[in-house]
Amino acid sequence: MKSTHTQTATQEKQQPSPKIKSSPQSNQAKTRTLDRISKEYEAIIGIETHVQLSTLSKAFCPCPYIYGSQPNTSVCPICMGLPGALPVVNSKVVEFAVKLGLALNCKLSFYSKFDRKQYFYPDLPKGYQISQFDIPIATGGYLDVDLPVEFGGGHRRFGITRVHMEEDAGKLLHADDGEYSQEITFPIIYALQVDLNRAGVPLLEIVSEPDMRTGIEAAEYAAELQRLVRYLGVSNGNMQEGSLRCDVNVSIRPVGQSKFGTKVEIKNLNSFSSINRAIDFEIARQALLYSQGKADQIVQETRLWEEGSQKTVTMRKKEGLADYRYFPEPDLPEVILNKEYVDSIQSSLPELPEMKRRRYEEMGLSMQDVLFLANDINVARFFDATIEKGADVKLAANWIMGDIAAYMKNEKLTINEIKLSAAELAELIASIKGATISGKIGKEILFELMAKGGTVKGIIIEKDLVQIVDPSEIEKMVDKVLSENPKQLEQYRGGKTKLQGFFAGNENIERQGKSRAAEQDPFREIKCEKLNVLVRRNLVIMCHFISHRTIKSDFPGSTHLSSDICLLKGSRCCLCIIKSFALYSVYMSEAGF
Amino acid sequence: MPTRYYYYDYDYNNRTRNCSTTTTRSSLEPPDVPRLAQTARISLTPHEVEEFAPKIRQVIDWFGQLQDVDLDSVDPALRADSETGYLREDIPKTFKNRESMIAAVPSYDEPYIKVPKVLNKE
């Protein structure tokens, strides 16, 4: 379970903005069709979500659950349904159910019970699933959602019909048929394999009101549920691992009609973008049948989404509706909540994504920034901590969304794993704002902080990176360079104006990149970076000069282009320097340096 | 298929009662043995159906005596027992005797339990 918590924020960032992948031509045709459909028909969409809870033990027995462990190693008589075994409710399951119910603004049932949902299937050891039927633990709530900016943005509120507790079934796999024939004859053909590790794992089922109208809305609802369960810490909400499963119900009706159309269920949706695409496909399929007068061909059934062919297909048709013969679970007592218990859980809820988004909006951040920062609770916490230390809101947002996010993605780390602390980020921002260091140096320091930790002040002192902007200081350095190189000075005065670069280069050595590039007049006129920043074309330093100076080889920001050449990152060099450098080196060797 | 519920129309969480007599208070239907057998996935020969029907009927009628009790003045219980809220701490524990359980599986093909192929889910 722990490994899934370390998903990077950028991975999650990709999830809430599902993009329809298809060729431009089919995209056009699709858009035209969808436009026409949306004018003629209204789609009614509801979603049933199963959330696997991240408790340490199962719902009704103390077996641990570890995703990916060897089959049938985490089992006991209770979850295997052996005779005489009795279930006992895991208190954490009730706690998580109450947490989620409150976060979804539901009414809690202070008295609820478990029921048996009875059917036969190889992955259901007891022959029934312990669930909640008529008195679920939470009912009548809602979820507020922000649609992604690239899909037009906007707020939506979707109703939640109910939330209830239940247990998961085991896993069924098809064995290699091998030499077995396909017919069932004597002896019995064993062609299915069962793994009961997952049997008895606690689930929360969340049923939404049929409030969604498009694939995007449905996908964003699912993404928001994922965000919510991760914020609350009740589940890692991973669709790929199966800790978040969505089944979608879609029906359409002609605009203006009050009677609902026939509802079709879609299963096998493994990502938010599949939810989006499957719904769009199904709406189009049903609308086509309607428009052809074949509305009666839409039957109430379960269809599977085929990722490969990008369409829904019929599952085997069921013979009638299942009779689950619900009755109260006689082996389990009532679930009773009291006000103190509920209040204590309410007060322990973190700031939920919706609240965060509204607060960030009020701070003046753009919707794009808001959606990124509020997506992962750890990123949001980091951002909040940085702001608390007094950092500028927009700058903090930019650093986090830019350099920091890029580093996390490259190194595959979460924001909690990088060595940078929020306090140091605030310090960095303040240092740049107060012009103690340049922005460029700031980026270097940031990299150092993320990789190795430490403090901004510490690194500045250690690497002597304080920005020099005092003109008299700079003038002193220029004088020094000029005095140290009388031969070149003579040559310059004699007309070799190209040596300007040489002086600028030497100057740089003295400055060691601490100050920003200043336009330099060889005869002392320096313009301070604060007044006018101009990048000298020839701010490249020759290494055979460097060898005569005392420059540490582990110079901050130096990149070795060859054994002879060093490029000072501290100086404001354009990349075209590399070209001019090549010319320069030829010049210098000709000039006998 | 009528849902066989023996509840009143009762709001358990507000403990108020909406009075109405439900149809299940009337006499119990005779058992439809073939359907019961199908539901329970037990195969019966026609002879066995004939033989079992009256025996099952007898048991139902014996319990059916409870239908005669007047319950109008009694609050329905959510459940039959008085013990409430026995919960377990969320502490994982590995079951020690896994080997005997696995040994009791009729067809075990390490590491999976092998089962006959099933055509339809319910």
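Contact, in this talk, means heavy atoms within 4.5 Å. Helices (H or I, at least four residues) and strands (E, at least two) are DSSP runs, numbered from the N terminus. With these two terms in hand, I shall begin.

The structure above is a predicted model, in which local features need pLDDT of at least 70 and side-chain atom pairs count only at pLDDT 80 or more, while totals for chains, interfaces and linings use all residues. Residues are numbered from 1 along each chain as its sequence is written, chains are lettered from A and ligands numbered from 1 in the order in which they are written, and side-chain values use heavy atoms, with hydrogens and water left out.

I turn to helix α8 of chain A, residues 353-362. Which residues of this helix are buried? They are Pro353(A), Glu354(A), Lys356(A), Arg357(A), Arg358(A) and Tyr360(A). Buried means under 20% relative accessible area, exposed over 50%, and partly exposed in between, with a 1.4 Å probe and protein chains only. The buried residues of α8(A) pack against β7 (138-146), β8, α5 (215-232), α9 (367-375) and α10 of chain A. After α8(A) comes Gly364(A), with a positive phi near 100 degrees.

One of those packing partners, α10(A), deserves a closer look. The expected span of a helix is 1.5 Å times one less than its number of residues. For the 12 residues of α10(A), residues 377-388, this gives 16 Å, and the end C-alpha atoms are indeed 16 Å apart, so the two values agree. Its buried residues are Ile377(A), Val379(A), Ala380(A), Phe382(A), Phe383(A), Asp384(A), Thr386(A) and Ile387(A). At the N-terminal end, Asp376(A) acts as a cap, with a side-chain oxygen 2.8 Å from the backbone nitrogen of Asn378(A). Just after the helix, Gly390(A) has a positive phi of about 100 degrees.

Next, the charged pairs. Side chains of opposite charge can pair when their charged atoms come close. A salt bridge is a side-chain nitrogen of Lys or Arg within 4 Å of a carboxyl oxygen of Asp or Glu. Over all chains, the whole structure holds 39 of them.

What ties α8(A) to α10(A)? Asp384(A) forms a salt bridge with Lys356(A), the closest N and O atoms being 3.3 Å apart. Asp384(A) lies in α10 and Lys356(A) in α8, so the pair ties together parts that are 28 residues apart in sequence. Both ends count as buried: Asp384(A) has a relative accessible area of 15%, and Lys356(A) has 5%.

Another salt bridge joins Arg253(A) and Glu42(A), at 2.9 Å from N to O. This pair links strand β12 (residues 244-254) with strand β1, its members standing 211 residues apart. Arg253(A) is buried at 12%, whereas Glu42(A) is partly exposed at 26%.

There is also a network of salt bridges, which links Asp146(A), Glu220(A), Glu224(A), Arg227(A), Glu354(A), Arg357(A), Arg358(A) and Glu361(A).

Let me now consider Arg156(A), in strand β8 (residues 155-167). A polar contact is a pair of N or O atoms within 3.5 Å; within protein, one must be able to donate a hydrogen and the other to accept it, and residues adjacent in sequence count only if both atoms are side-chain atoms. Such a contact, of 2.7 Å, joins the side chains of Arg156(A) and Glu217(A). Arg156(A) is partly exposed, with a relative accessible area of 32%. Its C-alpha atom is separated by 5.2 Å from that of Val145(A), 11 residues away along the chain.

Finally, chain B. Its 3 helices and 5 strands follow the pattern β-β-α-α-β-α-β-β along the sequence. Buried residues make up 20% of its 122 residues. Where does chain A touch chain B at Asn72(A)? Beyond four places in sequence, the contacts of Asn72(A) include Arg98(B), Ile102(B), Tyr108(B), Pro111(B), Tyr112(B) and Ile113(B). Asn72(A) lies in the loop between β1 (41-52) and β2 (89-90) of chain A, and is buried, with a relative accessible area of 0%.

By contrast, Leu66(B) is exposed at 58%. Leu66(B) sits in the loop between α2 (46-63) and β3 (87-88) of chain B. Thank you for your attention.
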